[in-house]
Amino acid sequence: MALSLNVKLGPLELATPLLTASGCAGYGKELDAYQDLACFGAIIGKSISKMPRMGNPYPRTAEVTAGLLNAIGLQNEGFDSFVKSTLPKMRGFGTKAIVNVVGHDFDEYVWLCEHFDAEEGIAALELNLSCPNVKDGMKFATDAGECERLVAACRKATRLPLIAKLSPNVTSIAEIARAAERGGADILSAVNTFVGMSVDWQRREPRLANVTGGMSGPAIKPLALRCVHEVARAVKLPVMAIGGIASADDVLEFMVVGASACQIGTFLFVEPDAATRMLAELKKKLIDAGIKNPAELVGTLKLPA
Ligand SMILES: Cc1cc2nc3c(=O)[nH]c(=O)nc-3n(C[C@H](O)[C@H](O)[C@H](O)COP(=O)(O)O)c2cc1C
């Protein structure tokens with residue numbers, strides 16, 4: 001049998017196991033010039049809220065060793081404008097469109113799920129439970145009870161496959177993963193950024209106007225791998241890995257610990273056509289290893305007795 005890269009995560013089927021991570025590829029248009037977007041199983045857009053958001057004051061990004069700190073603060077055009085002008089373009093890239101939603105509060109998340117449910121051509125909704133860069137942005141990601149309550153309400157509000165995106169900034173990511181599973185999520189994605197900080201010592205000033213920001217990029221990969229490992233062992237749900245992914249070997253490592261698909265984020269700023277290269281590498285490595293579908297690898301990690 002020939003190699004197939006098709007993966008199935010509960011109700012969501014993807015032609016390849018690579019996706020864009022929210023906030024790192026706009027809504028697809030930004031990457032379209034660099035590669036055939038069909039190399040992604042789906043495009044996940046930046047978080048959308050009910051009303052437009054201006055985001056945080058500048059400077060909002062700072063480069064750090066092997067990574068990036070950002071405190072964008074969820075700048076986005078808001079539901080109405082997104083549905084009218086951006087979503088139709090997202091549907092035209094020859095791959096699936098996944099909408100990432102974020103609310104200021106419980107009701108806003110539910111409102112967004114209800115309203116996106118009525119729109120055509122959305123393959124799934126991803127709940128951004130965790131934005132470390134906005135005030136009160138962490139409640140649903142850090143409190144298991146709040147997380148379960150929110151996911152359950154969103155579950156009732158939409159028939160679309162529901163992905164709960166977890167924060168690594170918690171004592172036990174496994175506990176939050178179980179809460180999202182109890183709430184009725186179909187898929188978990190892990191992880192969002194790690195809270196970090198960068199300082200210009202000569203000016204005695206933080207490099208971000210927000211003081212702290214979310215750390216991403218290759219530097220966080222071992223941290224994300226540990227998180228995905230813990231999440232995959234805690235739940236029965238399929239998991240999407242996120243965090244510093246830059247090569248086919250990274251993808252395969254995340255699969256062995258239990259991820260069924262991988263989102264590529266910060267590395268797209270370094271190499272906007274990374275997915276084309278990674279997909280070719282992935283095919284070769286799977287064929288060389290005699291593997292016919294990535295699913296054969298998922299959760300095959302051998303732990304010491
Ligand atoms: C500039 C920037 C903006 C981001 N915006 C969002 C966002 O709007 N919603 C969200 O859920 N995650 C957002 N993220 C987090 C990424 O989707 C991803 O979880 C994180 O960056 C880790 O993956 P990476 O190391 O591959 O970048 C953002 C990340 C970056 C770097």
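Reader: What makes Arg-203 count as exposed?
Author: Arg-203 has a relative accessible area of 60%. Exposed means over 50%, buried means under 20%, and partly exposed is in between (1.4 Å probe, protein chains only). Since 60% is over 50%, Arg-203 is exposed. One thing to keep in mind: this is a predicted model, where local features need pLDDT of at least 70 and side-chain atom pairs count only at pLDDT 80 or more, while totals for chains, interfaces and linings use all residues. Residues are numbered from 1 along each chain as its sequence is written, and side-chain values use heavy atoms, with hydrogens and water left out.

Reader: Why is the pair of Arg-203 and Asp-200 called a salt bridge?
Author: The rule asks for a side-chain nitrogen of Lys or Arg within 4 Å of a carboxyl oxygen of Asp or Glu. For Arg-203 and Asp-200, the closest N and O atoms are 3.5 Å apart, so the pair passes the rule. Asp-200, with its 17%, is buried. Going by that rule, the count comes to twelve salt bridges.

Reader: How do you know that Asp-186 and Arg-155 form one of them, and where do they sit?
Author: Their side chains meet at 2.7 Å, N to O. Asp-186 is in the loop between α6 (173-183) and β10 (187-190), and Arg-155 is in helix α5 (residues 144-157), so the pair links distant parts of the chain, 31 residues apart. Helices (H or I, at least four residues) and strands (E, at least two) are DSSP runs, numbered from the N terminus.

Reader: Which of these two is called buried, and which partly exposed?
Author: Asp-186 comes in at 19% and so counts as buried. Arg-155 has 21%, so Arg-155 is partly exposed.

Reader: What makes Glu-253 and Lys-221 a salt bridge?
Author: The N to O distance between their side chains is 3.0 Å. Glu-253 is in helix α8 (residues 248-257) and Lys-221 in helix α7 (residues 221-234), so the bridge ties together parts 32 residues apart in sequence. Lys-221 is buried at 13%. Lys-221, Asp-250 and Glu-253 are joined into one network by salt bridges that share partners.

Reader: Where is Lys-46, and how do you know that it has no salt bridge?
Author: Lys-46 is in the loop between β4 (42-44) and β5 (61-64). The nearest side chain of opposite charge, Glu-126, is 11 Å away. The limit is 4 Å, so no bridge is counted for Lys-46. Here Lys and Arg count as positive and Asp and Glu as negative, while His and the chain ends are not counted. Lys-46 is buried all the same.

Reader: How many disulfides are there, and why is Cys-262 in no bond with Cys-39?
Author: There are zero disulfides. Cys-227 is in none, as the nearest cysteine sulfur, in Cys-262, is 14 Å away. A disulfide needs a pair of cysteine sulfur atoms within 2.5 Å. The closest cysteine sulfur to that of Cys-262 is in Cys-39, and at 14 Å that is too far for a bond. Cys-227 is buried, at 1%, and Cys-262 is buried, at 0%.

Reader: What makes Ser-47 a polar contact of the ligand?
Author: A polar contact is a pair of N or O atoms within 3.5 Å; within protein, one must be able to donate a hydrogen and the other to accept it, and residues adjacent in sequence count only if both atoms are side-chain atoms. A polar side-chain atom of Ser-47 lies 2.8 Å from a nitrogen atom of the ligand, so Ser-47 is inside the limit.
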